[in-house]
Amino acid sequence: MNPYILSALLMALGLGTTITFASSHWLLAWMGLEINTLAILPLMAQHHHPRAVEAATKYFLTQAAAAATLLFASTTNAWITGQWDISQMSHPFPLTLAVVALALKIGLAPVHSWLPEVLQGLDLTTGLILSTWQKLAPFALLFQLQTPQTATPLLLMGLLSTLVGGWGGLNQTQLRKILAYSSIAHLGWMTLVLQFAPTLTILTLLVYLVMTSSVFLVFKANKATTINQLALSWSKTPVITATAPLVLLSLGGLPPLTGFMPKWLIMHELTKQDLMLLTTLAALSALLSLYFYLRLSYSMALTVPPNNLPSTTSWRFTTLQMTLPIAILSTAALALLPLTPGVAALLTP
């Protein structure tokens, strides 16, 4: 892609998210979401592969349906209450409709089925943008919409997302689909605690962005799209092969890694709200997710592909990818757990 066009599209992505962040009017927020959607579509279809075009089409139709539902909800709210302010949406019907539309935007269960299919058709760079940057604007709106009336829908969708994200990734061999189900599960954890501790949701989102970015960049450095291709990484990038399994386990929430911190704090908060059954189910769903992260770690670090040639080391070409972002993100994904007491103190009102 022409670098000028690429720069314009990336700036449009930033502009759309910034408009949604800064808006208190529903039409401005809707316009920011639409700019976001239209800016990423050319990035999705830039390789002109049938699977990429199919993914871009599915994404466009899904996001258009969500945007239309959101616009209908905001218009209905303006008709009932006479105002367009996001934080003043009080009627239960448009409020619930807006929450469902935003859940469709980010891929929460039960409206999640588009996300694995779309992510499977994209290259890893565009998939990284879809899994990280595209979640920010809808979450900013969900952050403003949370009221006591939305507690039950958000809890149900959050719990269902953690369970679907765990079960869905068990039988997958494609790395992008596994990361899609991982995204659904993490979004479920964020939604569970959104009603009770919004700042904890922001912390979980930030930690998720760091860990997911690290995993995507590692897979891109190895040019791996399936689990079997991860077995070749030891001969291409031995240092990354040593650290990437730990990053994957951190994504699964295994102590003493960074990914354990948000799950620990979320379970603590849910326990304080006397939601014992919900906390137990969420913790059990984390075990399901941890299983397929262990599969990836095993394939990457403890297996060697069959090779009948005298030499087992493949050619190592000079990579054009910058290694500094991988180093910084991997370190952050592994070593931030000791900051938990300080983070917990900051989150305590």
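A residue is called buried here when its relative accessible area is under 20%, exposed when that area is over 50%, and partly exposed in between. By this yardstick, glutamate 269 is buried in the predicted model, because its relative accessible area is 13%. The model is a predicted one, and the description below starts from this glutamate and its partner.

Side chains of opposite charge can pair when their charged atoms come close. A search of the whole structure finds three salt bridges. One of them joins glutamate 269 to lysine 272, with 3.6 Å between the closest N and O atoms. These two residues are three apart in helix α13, which spans residues 260-272, and about one helical turn separates them. Their surroundings contrast nicely: glutamate 269 is buried at 13%, whereas lysine 272 is exposed at 53%.

A salt bridge also links the side chains of glutamate 54 and lysine 58, at a distance of 2.9 Å from N to O. Here the partners are four residues apart in helix α3 (residues 50-81), again separated by about one helical turn. Glutamate 54 counts as partly exposed, with 41% relative accessibility, and lysine 58 is partly exposed too, with a relative accessible area of 30%.

Glutamate 117 and lysine 177 form a salt bridge as well, their closest N and O atoms lying 3.5 Å apart. Glutamate 117 belongs to helix α5 (residues 114-120) and lysine 177 to helix α9, so this pair ties together parts that are 60 residues apart in sequence. Glutamate 117 is partly exposed at 37% relative accessibility, while lysine 177, at 18%, counts as buried.

The aromatic residues deserve a look of their own. The structure holds three aromatic pairs. In one of them, phenylalanine 292 and tyrosine 293 have ring centres 4.9 Å apart and ring planes at 50 degrees, so the pair is tilted. Phenylalanine 292 is buried, with a relative accessible area of 0%, and tyrosine 293 is buried with a value of 1%. An aromatic ring also meets a charge elsewhere: the charged end of lysine 263 sits over the ring of tryptophan 189, at 5.4 Å from the ring centre.

On the surface, Met1, Ile5, Leu6 and Leu10 make a nonpolar patch of about 340 Å². Leucine 6, one of these residues, lies in helix α1, which covers residues 3-22. With 31% relative accessibility, leucine 6 counts as partly exposed.

Two further residues complete the picture. Glutamine 172 is placed in the loop between α8 (151-168) and α9 (175-194). At 17% relative accessibility, glutamine 172 counts as buried, and a polar atom of its side chain lies 3.4 Å from the backbone oxygen of glycine 168. Leucine 217 is found in helix α10, made up of residues 198-222, and counts as buried at 15% relative accessibility. Between the C-alpha atoms of leucine 217 and alanine 103 there is a separation of 26 Å, the two residues being 114 residues apart along the chain.

Note on methods
Residues are numbered from 1 along each chain as its sequence is written. This is a predicted model: local features need pLDDT of at least 70, side-chain atom pairs count only at pLDDT 80 or more; totals for chains, interfaces and linings use all residues. Side-chain values use heavy atoms; hydrogens and water are left out. Rings of Phe, Tyr and Trp (its six-membered ring) pair if their centres lie within 6.5 Å; planes under 30 degrees apart count as stacked, over 60 as edge-to-face and the rest as tilted. Buried means under 20% relative accessible area, exposed over 50%, partly exposed in between (1.4 Å probe, protein chains only). A charge sits over a ring if NZ of Lys or CZ of Arg is within 6 Å of the ring centre and within 35 degrees of the ring normal. Patches are made of residues with over 30% relative accessible area and no salt bridge: like charges are joined within 9 Å, nonpolar side chains (Val, Leu, Ile, Met, Phe, Trp, Tyr) within 5 Å. Accessible areas come from the Shrake-Rupley method with a 1.4 Å probe; for residues, only the protein chains shown count as cover. A salt bridge is a side-chain nitrogen of Lys or Arg within 4 Å of a carboxyl oxygen of Asp or Glu. A polar contact is a pair of N or O atoms within 3.5 Å; within protein, one must be able to donate a hydrogen and the other to accept it, and residues adjacent in sequence count only if both atoms are side-chain atoms.
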